[in-house]
Amino acid sequence: MTREAFEKAKDIVVDIQSLKNIKSEYKDNHWISFYGAGVKEQPITNGILREDLEKFVDDEIIKLEKELEKL
């Protein structure tokens, strides 16, 4: 494995863990919010956006795990 591939793998592992942390929060029925430099807390409440976020998180975990396997 090249150094570049190793660094990419590390980044992917961090991203997967972040997504799993988010998934854990919504599975435990905790609220989820986003923060940014220019905006304050932006909560994600129940509804279409939360459902889409949950699907996105699940899909991204699968995608990143497949990418990690390729490395």
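**View A. Glu60 and Lys63, about one helical turn apart in helix α2.** These two residues sit three positions apart in helix α2, which is why about one helical turn separates them. In this predicted model, Glu60 and Lys63 pair up in a salt bridge, with their closest N and O atoms 3.2 Å apart. Is Glu60 buried or exposed? Glu60 counts as buried, because its relative accessibility is 17% and the cut-off for buried is under 20%.

**View B. Glu7 meets Lys10 in helix α1.** Here the side chains of Glu7 and Lys10 come together in a salt bridge, at 3.6 Å from N to O. Both belong to helix α1, which covers residues 3–27, and being three residues apart puts about one helical turn between them. Glu7 is partly exposed at 26% relative accessibility, and Lys10 is partly exposed too, at 40%.

**View C. A salt bridge between Lys23 and Asp58.** The closest N and O atoms of this pair are 3.2 Å apart. Lys23 is in helix α1 and Asp58 is in helix α2, so their salt bridge ties together parts that lie 35 residues apart in sequence. Lys23 is partly exposed, with a relative accessible area of 26%, and Asp58 is partly exposed as well, at 27%.

**View D. A nonpolar patch on the surface.** Which residues make this patch of about 300 Å²? They are Met1, Phe6 and Leu71. Leu71 comes in the segment after α2, the helix that spans 48–70. With a relative accessible area of 34%, Leu71 is partly exposed.

How values were computed. Residues numbered from 1 in each chain as written. Predicted model: local features only at pLDDT ≥ 70, side-chain atom pairs only at ≥ 80, totals over all residues. Heavy atoms only, no water. Patch = residues over 30% accessible without salt bridge, like charges linked within 9 Å, V, L, I, M, F, W, Y side chains within 5 Å. Areas by Shrake-Rupley, 256 points an atom, 1.4 Å probe, with all protein chains shown as cover. Salt bridge = Lys/Arg side-chain N within 4 Å of Asp/Glu carboxyl O. Helix = DSSP H or I, 4+ residues; strand = E, 2+ residues; numbered from the N terminus. Buried < 20%, exposed > 50% of the residue type's maximum accessible area, 1.4 Å probe, protein only.
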